[in-house]
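Student: I have a structure open and would like to go through it piece by piece. Can you help?
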Amino acid sequence: RWEGYGTSLHFMTDPGQRRELEAEPRFRASPHHGFRGWLTLALQPGQIDWAEISQLLASAYRAVASKELVAEMDRESGDAREH
C-alpha cells in the first residue's frame with residue numbers, strides 16, 4: 001500500500017483543514033491512516049516549502065496534543081491565539 005508514495009510527509013489534519021487540503025492535488029489520503037484524517041504530501045527535492053511544512057506539522061500537533069501541551073507551545077512561541 002506504500003508503493004507510489006516515495007519521499008513524503010504523512011501528517012494528521014483537523015477536520016476543517018482536511019477538506020481544504022484534499023481539494024489540492026498535492027495532498028492525498030495516507031495509505032496507513034487516511035481514514036483517520038492523515039494526509040500525505042509528496043516531497044520533491046528543491047521544491048519543498050519549509051514554511052508550509054512547519055504550518056502543517058504545527059496544525060497536526062494541535063490536532064492530537066492535549067490542551068495543556070498546546071497552551072505550552074503557544075506560550076513558548078509567543079502565540080496569543082485561542083485554539
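Tutor: We can take the sheet, then a helix, then the core and a pair of rings; keep in mind that this is a predicted model.

Student: OK, the sheet. What order do the strands come in?
Tutor: The order is β1-β3-β2, in an open sheet of three strands with antiparallel pairing.

Student: Which ones are the edge strands?
Tutor: β1 and β2 are the edge strands, each pairing on one side only. From one strand to the next, the twist averages 30°.

Student: What holds strands together in a sheet anyway?
Tutor: Strands of a sheet pair through backbone hydrogen bonds, and the pairing can be parallel or antiparallel.

Student: How many bridges are there between β1 and β3?
Tutor: Five, in the antiparallel sense. To find a spot in that pairing, look at leucine 9, which stands opposite leucine 41 in β3.

Student: Switching to α2. Where does it lie?
Tutor: α2 lies across β1, β2 and β3, and runs at about 30° to β1.

Student: What length should α2 have, and what does the model give?
Tutor: α2 has 15 residues, and at 1.5 Å a residue these should span 21 Å. The C-alpha atoms at its ends are 21 Å apart, so the model agrees with the expected span.

Student: Which residues of α2 are buried?
Tutor: Glu52, Ile53, Leu56, Ser59, Ala60 and Arg62. Their cover includes the strands β1, β2 and β3, along with the helices α1 (15-22) and α3 (67-77).

Student: And the largest nonpolar core, which residues are in it?
Tutor: It has eleven residues, among them Leu9, Phe11, Met12, Phe27, Leu41, Ile53, Leu56 and Ala60. The elements giving two or more residues to this core are β1, β3 (38-42) and α2 (50-64).

Student: What does methionine 12 touch?
Tutor: Leaving out residues up to four places away in sequence, methionine 12 touches Arg36, Gly37, Trp38, Ala60, Ala63 and Val64. Ala60 also belongs to the core, as does Met12 itself.

Student: New topic: how many aromatic pairs are there?
Tutor: One. Phenylalanine 11 and phenylalanine 27 form an edge-to-face pair, with 6.1 Å centre to centre and 80° between the planes.

Student: Why does that count as edge-to-face?
Tutor: Because the planes are 80° apart, and an angle over 60 degrees counts as edge-to-face.

Student: Where in the chain are the two rings?
Tutor: Phenylalanine 11 is in strand β1 (residues 8-12) and phenylalanine 27 is in strand β2 (residues 27-29). They are 16 residues apart, and the pair links distant parts of the chain.

Student: Are they buried or exposed?
Tutor: Both phenylalanine 11 and phenylalanine 27 are buried.

Definitions and conventions: Residues are numbered from 1 along each chain as its sequence is written. This is a predicted model: local features need pLDDT of at least 70, side-chain atom pairs count only at pLDDT 80 or more; totals for chains, interfaces and linings use all residues. Side-chain values use heavy atoms; hydrogens and water are left out. Rings of Phe, Tyr and Trp (its six-membered ring) pair if their centres lie within 6.5 Å; planes under 30 degrees apart count as stacked, over 60 as edge-to-face and the rest as tilted. Helices (H or I, at least four residues) and strands (E, at least two) are DSSP runs, numbered from the N terminus. Buried means under 20% relative accessible area, exposed over 50%, partly exposed in between (1.4 Å probe, protein chains only). A nonpolar core is a set of buried Ala, Val, Leu, Ile, Met, Phe, Trp, Tyr and Cys residues joined through side-chain atoms within 4.5 Å. Contact means heavy atoms within 4.5 Å. Two strands pair if DSSP finds at least two bridges between them. Axes are lines fitted to C-alpha atoms, for helices over the stretch in contact, and angles run from 0 to 180 degrees between N-to-C directions. The expected span of a helix is 1.5 Å times one less than its number of residues.
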